[in-house]
Each structure stands twice: as structure tokens, then as C-alpha cells.
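Biologist: Could you take me through one part of this model at close range? I would like to hear about a place where two helices pack together, and then about what lies around it.

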Amino acid sequence: MWSRKELKEKAYAAFKVNYWKSVLVALILTMIAGGAGGFSVPNNSNYFDHSITDTTDMTDEEVQELEDEGAVTIEDGEKKYTVTSEGIEMSDLDDTEKEAVVAATIIAAIVVLVIVLIAFAFAIVIDVFILNPIEMGCSKFFVKNAEEPADVRNVLFAFDHSYKNIAKTLFFRDLYIVLWSLLFVIPGIVKSYEYRMIPYILADNPDISQEAAFELSKKMMNGNKWKAFVLDLSFIGWHILAALTCGILSIFFVNPYVSATNAELYIALKNTVDGEITDSRAVESV
């Protein structure tokens, strides 16, 4: 049996002894977990405001400058607006022009879709072959740090030890969580707790089979998923304080504290499958 108080006390003592390295590794782990990017769309409002303008009060030089820019005609799919020295003239598009606008819109949509798909595929590749192995290395660091001051080089452990097996196993972990999350989210959350020990299991035995890693994590978390959830909730006060410090407290205390506590949870649960983690042939089917 384990208690939140005991895990936190051990975690605090462990990361305090190796403070700066723990802070660095926790920061790396946080960047991996929360490094989602986004696309920014240029704001063209200024262009349109400039293009569709009443030129009545404009000087001849300003009108000439507007026309020299070539921003004198705008089409919205139904109407065509033409800027002249007298103002704005509006006319209907003929069928050919409408077809051209539709075709241009379709082409633009396809281009955007292709770009998004390429970016998504690139993100998956980075996650599978770089970020997941580093995540496992961070887990390795905090497990070792629970026993003695660990070295930051543990973060790169996966790249020198059964790299393909580690990348494959963590890829399927992510895939299964995503697929389960499609069932109204809750099953995905449950599975994320069920698979929570997989990076730590791989850290102890990088040669363990994918099936064995999943089964052992499931076995370790059996009856402990709710307790682990409550353990996570017990840090909510610290996360609120961290938010009030614009994340500074997270970097220098909360994140390494949480990571060290998760490592202590693994060490506590490992006793329930004593001997099985070091045997890669322990389980051959889920």
C-alpha cells in the first residue's frame, strides 16, 4: 500500500538533493507534454479597409498611389468592386468570373488542407521518434534520482537502448489513448491512467515487449487508477499558485516535484509485479 503523503515526502527529498538537474529535466518534460503549436492567419483587414475606400476626399496623389498598388478590384464571389478616382463602382460577376472565383477558392482550400496534413504528419514523426523517447528518458532520470543523484544524460537513454522498441511501444500507447478518447473522452482518460507506467517500465527494461509493457502497466494500475487521479488532484493548489506567478513556480518547484512524485508512485507499484519488469518475456499477449 502507498499513501500520497509518503510519496510526496520521498519525492521532495529526492529532487531537493539534485535540485537544478531535476528542474532542468522537468522543464524538458513539460515542454514535450505542452509544446503544441498553432497556425497564425495573417490579418488582411487593413488591406480590405484600404482597398474598399471612398476616394471622394482623397487627393489625386493618394488616388494615383492606390491605383499604382493594383488594389483596385475586389471580388466576393457575387459582386465585383472597382476603385476609381470617382469612388467605388459595383457590378455583378458574369458566369465565367464566378466559376473562376469558385475554382480559386477550391484550390486555396486544397492547398491549405495539404499544408495542414503535412504539418500534422511532421508533428507525429517528431512525437514518435524524438519526443516520446525523451519522455521515457525523463522518467528514467526521476526513477534513478529517487535512489541517488541522477545525471541529465539519462534523458537520452532511449536513443542508445532498444530505441525502435521504445518508440514503437510509446507510439501505440498514444494511439490507443487517442482511439479510446473518441468514445466521449472519459475512456481515454481511464486508459491514460492504465498506461501511465509504460515509460517507467521501458526505463527499467527497454527490451521488454510491447505486449508485456502494456499488460504490466495495466496490472500495476489495477485498483490504483482512482488513487493516482486523487494524487494528481492533490497538486491543484500548487498549480494555482504557479499560475499566479506566471509559471515561474512551476519551473522551479511544482514540475520537478510532480515528476519526482510520479517516479515514487512507479517505485511503490513496482513491488506488485516484482521480477516481471526485468523479464521481457513475462507477458506475450494483452
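Modeller: Happy to, and I will begin with one helix pair and then move outward. Please keep in mind that this is a predicted model.

The pair is α6, residues 163–181, and α9, residues 210–221. Their axes are 10 Å apart, and the packing angle is about 50°. An angle of that size falls outside the range of 65 to 115 degrees for roughly perpendicular and is not under 35 degrees, the limit for roughly parallel, so α6 and α9 are oblique to each other. As for handedness, the crossing of these two helices is right-handed. On the α6 side the contact is made by N165, K168, T169, F172, R173 and Y176, while α9 brings Q210, A213 and F214. Sorted by character, the residues of this contact are four nonpolar, three polar and two charged.

Now follow the chain from α6 into the loop that leads to α7 (186–194), where F184 lies. The backbone there deserves a look. Most residues other than glycine have a negative phi. F184 is not a glycine, yet its phi is positive, at about 65°. V185 sits in that loop between α6 and α7 too, and its phi is also positive, near 75°, again in a residue other than glycine. How do the two stand with respect to solvent accessibility, buried or exposed? F184 has 74% relative accessibility and therefore counts as exposed. V185 has a relative accessible area of 48%, so it is partly exposed; the cut-off for exposed is over 50%.

For a buried position, turn to S139, which is found in helix α5, residues 95–145. Its relative accessible area is 6%, so S139 is buried. Once its neighbours within four places in sequence are set aside, S139 is in contact with P199 and Y200.

Aromatic rings are another thing to look for. A search of the whole structure finds 21 aromatic pairs. One of them joins F15 and Y19, with 6.1 Å centre to centre and 35° between the planes, which makes it tilted. The two partners differ in accessibility: F15 is at 2% and so counts as buried, whereas Y19 is at 24% and so counts as partly exposed. Both rings belong to a cluster linked by ring pairs, which also takes in Y12, W20, F235, W238, F252, F253 and Y257.

That cluster joins residues with low and high numbers in the chain, and K5 gives another example of such a meeting. K5 has its place in helix α1, residues 4–17, and with 62% relative accessibility it counts as exposed. Although K5 and L231 are 226 residues apart along the chain, their C-alpha atoms are separated by 9.4 Å.

Stepping back, the protein has 12 helices and three strands. Of its 286 residues, 35% are buried. Among contacts between residues at least 6 apart in sequence, 67% join residues at least 24 apart. If you want to retrace the route on screen, start at F172 of α6 and F214 of α9, both among the residues of the contact, and then go on to F184 in the loop between α6 and α7.

Technical notes. Residues are numbered from 1 along each chain as its sequence is written. This is a predicted model: local features need pLDDT of at least 70, side-chain atom pairs count only at pLDDT 80 or more; totals for chains, interfaces and linings use all residues. Side-chain values use heavy atoms; hydrogens and water are left out. Axes are lines fitted to C-alpha atoms, for helices over the stretch in contact, and angles run from 0 to 180 degrees between N-to-C directions. Helices (H or I, at least four residues) and strands (E, at least two) are DSSP runs, numbered from the N terminus. Angles under 35 degrees count as roughly parallel, over 145 as roughly antiparallel, 65 to 115 as roughly perpendicular and the rest as oblique. A crossing is left-handed if the near helix is turned anticlockwise from the far one by less than a right angle, and right-handed if clockwise. Contact means heavy atoms within 4.5 Å. Ala, Val, Leu, Ile, Met, Phe, Trp, Tyr, Cys and Pro count as nonpolar, Asp, Glu, Lys and Arg as charged, and the others, Gly among them, as polar. Rings of Phe, Tyr and Trp (its six-membered ring) pair if their centres lie within 6.5 Å; planes under 30 degrees apart count as stacked, over 60 as edge-to-face and the rest as tilted. Buried means under 20% relative accessible area, exposed over 50%, partly exposed in between (1.4 Å probe, protein chains only).
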